[in-house]
There are 2 protein chains.
Amino acid sequence: MSTDDLLKPHRDAIDSIDQTILSLLNERAAHARAIGELKGSGVVYRPEREAQVLRRIQELNGGLGGLLSNEAVARLFREIMSECLAVERPLTITYLGPEGTFTQQAANKHFGHAAHTQPCATIDEAFRLVEARQADYVVAPVENSTEGAVGRTLDLLVASPLKACGEVVLRIHHHLLRKVANQEGITKVYAHAQALSQCHEWLNKNLPSHVARVAVASNARAAQLAAEDETAVAIASQAAAERFELCKLASNIEDEPNNTTRFLVLGHQTTGASGIDKTSLIVSAPNKVGTVHELLHALSENGVSMSKLESRPSKVGLWEYVFFIDVEGHVEDEHVKNALADLQERAAFLKIVGAYPKAVL
Amino acid sequence: MSTDDLLKPHRDAIDSIDQTILSLLNERAAHARAIGELKGSGVVYRPEREAQVLRRIQELNGGLGGLLSNEAVARLFREIMSECLAVERPLTITYLGPEGTFTQQAANKHFGHAAHTQPCATIDEAFRLVEARQADYVVAPVENSTEGAVGRTLDLLVASPLKACGEVVLRIHHHLLRKVANQEGITKVYAHAQALSQCHEWLNKNLPSHVARVAVASNARAAQLAAEDETAVAIASQAAAERFELCKLASNIEDEPNNTTRFLVLGHQTTGASGIDKTSLIVSAPNKVGTVHELLHALSENGVSMSKLESRPSKVGLWEYVFFIDVEGHVEDEHVKNALADLQERAAFLKIVGAYPKAVL
């Protein structure tokens with residue numbers, strides 16, 4: 001039997017599978033349209049529903065034991081939902097440019113490629129376009145980003161009328177990049193301060209101690225500087241290596257192998273409970289001993305777990321600090337509702353940034 | 001009945017559709033792996049087969065009359081094939097950077113997003129990486145590009161050992177971009193010479209005659225210049241508008257509404273016939289009266305139609321001109337084979353750049 005004869009049954013099977021998938025995709029789009037018409041609110045994107053669909057797909061996929069990874073099927077179903085949604089109207093998603101950053105990756109991971117991603121010069125501008133309804137959603141880094149925007153994002157969250165409706169978690173790898181493909185004569189290493197600290201041990205072990213560590217605005221900027229100076233290296237992403245045509249001297253040099261960056265998706269809508277949710281809060285209180293403890297007590301006595309607590313000097317108002325708190329659960333969950341009522345009584349300022357489905361990895 | 005009650009049957013239907021699609025995707029990946037193992041050559045990507053799959057999908061989709069456009073289903077099946085292929089090994093595709101250009105769009109359109117696209121500083125470098133087998137395929141513009149690389153691509157085709165294995169056709173829209181959102185005080189318009197000529201009539205009608213037309217290396221470069229000079233406008237793409245944060249003064253200003261750019265995909269493999277194919281040739285001949293006519297006669301007398309003829313001054317060898325010729329059909333088709341044999345006798349130099357499936361739009 002020739003190879004062609006052996007291949008034929010597989011190709012025929014694929015053709016028949018494809019035909020079935022095609023019909024199902026069109027049926028799916030018709031149901032998606034019917035749902036849009038029934039809701040009639042103009043809001044086509046439902047984060048809680050998308051999260052449920054993806055979780056279920058990954059759970060089923062695990063059970064199947066097939067060749068496609070959970071990440072691959074999540075990517076494909078994102079694209080399928082993205083195309084079904086774009087039948088009505090493609091979404092526009094703003095983010096802090098330039099293109100090729102982790103934030104753009106996060107936007108595409110969350111909304112698929114049928115959505116339109118629009119880079120902005122500043123994170124403020126990315127928020128403003130959505131606030132002015134010239135774009136649908138903004139994706140902004142809130143934790144552990146090496147693109148220099150986390151602090152500004154948090155400040156904007158305090159004042160912006162936008163509501164969080166989703167989160168995206170990206171696994172971040174750092175690489176040591178240089179214009180030339182050898183380690184000789186390196187005098188300095190450029191990176192965002194976050195990245196320098198995330199690769200601290202690796203740098204201690206692998207670079208001579210006279211190499212200066214220079215913190216810059218972002219890892220993309222570090223790569224750009226390394227592209228202009230052969231005696232420098234940069235810590236940056238794969239995308240930056242490509243963008244600035246640098247050689248990779250070492251890969252995955254982060255000390256912590258599960259290094260991730262977390263992003264919030266913000267828009268105008270409030271999001272219903274998906275079953276596995278988080279709520280982001282901003283709280284401020286008078287600066288006196290025991291304040292934080294008292295605030296947190298409002299959570300714990302109602303059985304609400306906290307997944308993040310971060311304090312920042314307040315830029316507005318009468319309080320010295322604002323606290324960014326993420327809790328497990330949805331504002332509509334009874335115990336979360338009670339905790340927030342208690343918190344409201346004790347805090348000088350409480351803002352619910354939003355409740356949203358926990359990121360599907 | 002509440003909206004939720006009305007939504008439920010549609011959501012249940014979508015859940016059941018998704019479950020079926022998921023199983024089918026995993027079955028599909030298993031067949032794709034089986035095919036890869038049977039072929040055992042290490043070459044996982046089969047352009048002729050992908051083209052056949054997409055053509056069939058679009059034909060079936062037209063018959064279904066569903067909501068998803070032929071473009072949407074082609075995008076989804078590209079992604080599905082891309083993920084099935086990446087189960088074995090993701091492909092690396094080089095192109096002339098920077099990111100966000102039409103060429104990157106072409107690479108993603110052709111290979112899907114599971115493939116890895118790698119921007120290069122020059123088109124020479126993009127070819128070189130594939131020649132050195134550090135990347136799998138290069139995507140390069142060959143016709144009507146406004147990114148400044150067509151001439152160089154053609155020169156490289158003469159000398160490169162790479163073979164064409166696919167073509168991509170992108171519909172190109174030009175926009176008039178400016179740093180500020182008004183038409184006052186414009187002194188010049190920057191663009192690639194191709195774009196200036198493609199928007200010639202629109203510019204005549206809509207810009208004052210004293211506005212200078214300045215040809216630059218690429219439309220991306222034009223946008224960059226306009227970003228630095230408020231008295232200038234640029235003709236460039238949506239991607240460039242976003243990249244350099246320019247306002248769109250006018251959309252789709254190209255005189256010819258079906259303005260397209262054509263790209264070749266090149267790698268190491270020869271591609272079998274898909275049923276609707278093209279063959280790209282490079283021919284040179286002594287510069288004497290009637291030479292071209294004689295060459296073309298070899299095609300027509302064998303019933304082979306030509307879809308492109310372009311001459312360029314030769315940079316190497318003894319001939320003054322080289323001719324880039326595309327014909328309908330595959331080198332393995334009998335009439336094409338005969339025509340090439342005749343051509344070989346009459347031409348001083350004949351190179352078959354490759355035979356490949358006609359682009360699926």
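This is a short guided tour of a predicted model, with a suggestion at each stop for what to select in your viewer.

**Stop 1: chain A as a whole**

Start by showing chain A alone. Its C-alpha atoms fill a box of roughly 80 × 60 × 40 Å along the principal axes. Colour by secondary structure and you can look for twelve helices and 14 strands in this chain. Chain A has 361 residues, and 53% of them count as buried. Now turn on the surface: chain A exposes about 15,100 Å², with carbon and sulfur atoms supplying 50% of that area.

How do the contacts in chain A relate to the sequence? Among contacts with a separation of 6 or more, 78% are between residues 24 or more positions apart.

**Stop 2: the domains of chain A**

Next, give each domain its own colour. Domain 1 covers residues 9-86, and domain 2 is made of two stretches, 92-172 and 259-267. Domain 3 runs over 175-250, while domain 4 takes in 277-357. Select domain 3 and domain 4 of chain A together: their C-alpha centres lie 38 Å apart.

**Stop 3: where chain B meets chain A**

Bring chain B back into view and select the residues at the contact. Chain B gives 64 residues to it, and chain A gives 64 residues too. Between them the two chains bury about 6,200 Å², and 68% of this is on carbon and sulfur atoms. Charged pairs are found here as well: seven salt bridges cross the interface of chain B and chain A.

For one salt bridge between the chains, show the side chains of B:Arg75 and A:Glu83, which meet at 2.6 Å, N to O.

Then move to A:Arg49 and B:Asp15, whose side chains form a salt bridge at 3.2 Å, N to O. A:Arg49 lies in helix H2 (residues 47-64) of chain A and B:Asp15 in helix H1 of chain B, so this pair joins two chains. Are these two partners buried or exposed? A:Arg49 is buried, with a relative accessible area of 13%. B:Asp15 also counts as buried, at 16% relative accessibility.

Now pick B:Arg49, which sits in helix H2 (residues 47-64) of chain B. At 14% relative accessibility B:Arg49 counts as buried. Leaving aside residues up to four places away in sequence, B:Arg49 touches A:Arg11, A:Ile14 and A:Asp15.

**Stop 4: a nonpolar patch on the surface**

Select A:Met1, A:Leu6 and B:Leu38. These residues form a nonpolar patch on the surface, with about 310 Å² of accessible area together. Follow B:Leu38 back along its backbone and you will find it in helix H1 (residues 3-39) of chain B. B:Leu38 is partly exposed, with a relative accessible area of 32%.

**Stop 5: an enclosed helix in chain B**

Go to helix H6 of chain B, residues 150-159. Why does this helix count as largely enclosed by the rest of the structure? Because seven of its ten residues are buried. To see them, select B:Val150, B:Thr153, B:Leu154, B:Asp155, B:Leu156, B:Leu157 and B:Val158.

**Stop 6: salt bridges within chain A**

Over all chains, the count of salt bridges comes to 37. Three places in chain A make a good ending to the tour.

First, show A:Asp124 and A:Arg152, whose side chains meet in a salt bridge at 2.6 Å, N to O. A:Asp124 lies in helix H5 (residues 123-131) and A:Arg152 in helix H6 (residues 150-159), so the pair ties together parts of chain A that are 28 residues apart in sequence. A:Asp124 is partly exposed at 30% relative accessibility, and A:Arg152 is partly exposed at 37%.

Stay with helix H5 and select A:Arg128 and A:Glu125, which form a salt bridge at 3.3 Å, N to O. Both residues lie in this helix, three residues apart, or about one turn. An α-helix has 3.6 residues a turn, so residues three or four places apart point the same way. A:Arg128 has a relative accessible area of 39% and is partly exposed; A:Glu125, at 29%, counts as partly exposed too.

Finally, select A:Glu143, A:Glu167, A:Arg262, A:Lys278, A:Lys308, A:Glu310 and A:Asp326. Salt bridges link these residues in a network.

Conventions. Residues are numbered from 1 along each chain as its sequence is written. Chains are lettered from A and ligands numbered from 1 in the order in which they are written. This is a predicted model: local features need pLDDT of at least 70, side-chain atom pairs count only at pLDDT 80 or more; totals for chains, interfaces and linings use all residues. Side-chain values use heavy atoms; hydrogens and water are left out. Patches are made of residues with over 30% relative accessible area and no salt bridge: like charges are joined within 9 Å, nonpolar side chains (Val, Leu, Ile, Met, Phe, Trp, Tyr) within 5 Å. Accessible areas come from the Shrake-Rupley method with a 1.4 Å probe; for residues, only the protein chains shown count as cover. A salt bridge is a side-chain nitrogen of Lys or Arg within 4 Å of a carboxyl oxygen of Asp or Glu. Helices (H or I, at least four residues) and strands (E, at least two) are DSSP runs, numbered from the N terminus. Buried means under 20% relative accessible area, exposed over 50%, partly exposed in between (1.4 Å probe, protein chains only). Domain bounds come from an automatic or database domain assignment. Contact means heavy atoms within 4.5 Å. Buried area is the accessible area (1.4 Å probe) that two parts lose on being put together, summed over both.
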